[in-house]
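Here is a protein chain to explore, one piece at a time. Have the 3D view open and turn it as you read.

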Amino acid sequence: MMLSRVGQYPECMRREDIRKFSTVPRESLWWRANITKNDLGWAKQHLGHSLDGSKEFESIPASSLCLVDGRVGASWDNRVVFVEGENAPRIHIPRGEKYDYRRDYEKSRHERDPYLSPHGLFRKLENGFHFHALQFIQQFGPLTWQSKTLTGGAEWVRLSDFWDKHARFVGVSMLWEARSDDQLRQAWQWIYLRRDLINRVAPAPFGYMPLWKVDNYSPPSELLPWEREEGFESAVNDFADFGILRKYSLEVIQSELNMHTSDCRQIWMMNPIGNASQDVAFRPTRGFSSLWGAIWDLFGQDASALTHSWRLCLECGRLFYPKDRRSVCCTTEHQALWSKRKWAREHRRAELLSEPRVSRHSKDRVDR
Ligand SMILES: [Zn+2]
């Protein structure tokens, strides 16, 4: 028993640490980062978007880069590095406390608020806005931690990698959200504009299918819209009918889900049956060695039942988990507001349809 427990953690971890960590089951364990309110304020003021902050810092060529993970410097001047060729800084961040991401997911479902779960908050971030990245990392941790940092240390987090992955996840999420309406073309447009970021994410280019043989991928069944001879715009508009574009988008979502959950490891949990009996039941579950994998797993969990996926509120644009298939707004107030507007819109349209006669009439009067 002890042996298998030790095996879940890096070997150098002390026994008392292991006891402490064992309160969060291995299937849903991740670590936040230790980021203070002051840190967030500093980042908002100095880092801005993409490379805005590089004016205040020297850019270092990757060849002469020598970053030591060790202890975090007292001043932010020592915690930010811009590396030539990267589109965002690297930041030195200490590990924070552990948490249970599946519990946060359950909470977000219960409160119908996707932003309480790591995959929902990740979806909401503005790509390239570093203040958002640090807020996310404070709450849910970076997408990966090196195993040596988990014993309690700090590491340099590459925000360019964070934003590349973000673009890829948001792109796929947009395809899923738009699967049944004409927003699908806009989703492809969004992906098209960010294809360079998206394709930098390992292990294979966008839409590639993982093969049975581990770490092997094949190109998608059809050329991606921007790879076609006729060019992106006409490719997306020319898909013979909308059904084909939709089918194709769903295939891409499936490939991406399979690709990014490949660091999944099956774990057997042991649960006692009742109080009186000494017997236990074993239950298989999925564990991940990165938050990146976990985020895709939660997204897939949402997509596994059609009534389960989040939606964008038609009134305010916020993501929410709908109560039933018909809800199109995040709250009953917004639902009422939206219905009122919808009624007004339709009423106006009805008026417009009958308008030609009325306007001709009034025009005649003006001319006279
Ligand atoms: Zn709303």
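## Two helices side by side

Let's start with a pair of helices. From α7, the residues G171, M174 and L175 meet L184, A187, W190 and I191 of α8. Sorted by class, this contact between α7 and α8 has six nonpolar residues, one polar residue and no charged ones.

How do you describe such a pair? Two packed helices are described by the angle between their axes and by the distance between those axes. Here, helix α7 covers residues 159-177 and helix α8 covers residues 184-193, and their axes come within 8 Å and cross at roughly 170°. That angle is over 145 degrees, which makes α7 roughly antiparallel to α8.

One more residue to find while you're here: R185, which is also found in helix α8. R185 counts as partly exposed because 16 other C-beta atoms lie within 10 Å. In space, R185 and F242 are 9.5 Å apart from C-alpha to C-alpha, with their places 57 residues apart in the sequence numbering.

## The whole chain, and how far to trust it

Time to zoom out. What you are looking at is a predicted model. The protein chain has 14 helices and 11 strands. Of its 368 residues, 28% count as buried. Take the contacts with a separation of 6 or more: 61% of them are made by residues 24 or more positions apart.

How confident is the predictor? The average pLDDT of the protein chain is 87, and 89% of the residues score at least 70. Over residues 1-9, though, the pLDDT is below 50, and this stretch has six contacts in the model beyond near neighbours in sequence. Residues 358-368 also have a pLDDT below 50, with zero contacts in the model beyond near neighbours in sequence.

## Strand β4 and its partners

Now find strand β4, residues 90-100, which pairs with strand β1 (residues 29-33) in the antiparallel sense over four bridges. Within that pairing, W31 has K98 in β4 as its bridge partner.

Strand β3 (residues 80-83) pairs with β4 too, in the antiparallel sense and over two bridges. Look for V80, which stands opposite I91 in β4. β3 and β4 form a hairpin with six residues between them, and G85 in the turn has a positive phi of about 90°. β4 also pairs with β5, antiparallel once more, over five bridges. Which residue of β5 is the bridge partner of I91? It's V157.

## A closer look at A154

A154 is found in strand β5, which runs over residues 154-158. Is A154 buried, exposed or partly exposed? It counts as partly exposed, because it has 19 C-beta neighbours inside 10 Å, while being buried takes 20 or more.

Leaving out residues up to four places away in sequence, A154 touches nine-odd places you can click through, including D69, G70, H92, I93 and T149. R95 is on the contact list as well. A154 and R95 are 59 residues apart in sequence, yet 5.7 Å apart in space, C-alpha to C-alpha.

## A buried helix face and an open strand

Go to helix α6, residues 130-140, where H130, H132, A133, L134, F136, I137 and F140 are buried. An α-helix has 3.6 residues a turn, so residues three or four places apart point the same way. Just after α6 comes G141, with a positive phi of about 85°.

For a contrast, try strand β8, residues 264-272. Of the nine residues of β8, the number buried is zero, so β8 lies largely in the open. Its pairing with strand β9 (residues 280-288) is antiparallel and runs over nine bridges. One of the bridges links I267 to T285 in β9.

## Some backbone details

The loops hold a few things worth clicking on. The peptide bond from A202 to P203 is cis, with omega near 5°, and P203 is found in the loop between α9 and β6.

R112 is not a glycine, but it has a positive phi of about 55°. You'll find R112 in the loop between α4 and α5, and it is partly exposed, with 16 other C-beta atoms within 10 Å. D215, not a glycine either, has a positive phi of about 65°. D215 is found in the loop between β6 and β7, and it counts as exposed because it has 9 C-beta neighbours inside 10 Å.

Notes. Residues are numbered from 1 along each chain as its sequence is written. This is a predicted model: local features need pLDDT of at least 70, side-chain atom pairs count only at pLDDT 80 or more; totals for chains, interfaces and linings use all residues. A residue is buried if 20 or more other C-beta atoms lie within 10 Å of its own, exposed if 12 or fewer, and partly exposed in between; C-beta atoms are placed from the backbone. Two residues are in contact if their C-beta atoms, placed from the backbone, lie within 7 Å. Two strands pair if DSSP finds at least two bridges between them. Axes are lines fitted to C-alpha atoms, for helices over the stretch in contact, and angles run from 0 to 180 degrees between N-to-C directions. Angles under 35 degrees count as roughly parallel, over 145 as roughly antiparallel, 65 to 115 as roughly perpendicular and the rest as oblique. Ala, Val, Leu, Ile, Met, Phe, Trp, Tyr, Cys and Pro count as nonpolar, Asp, Glu, Lys and Arg as charged, and the others, Gly among them, as polar. pLDDT is the predictor's confidence in each residue, from 0 to 100.
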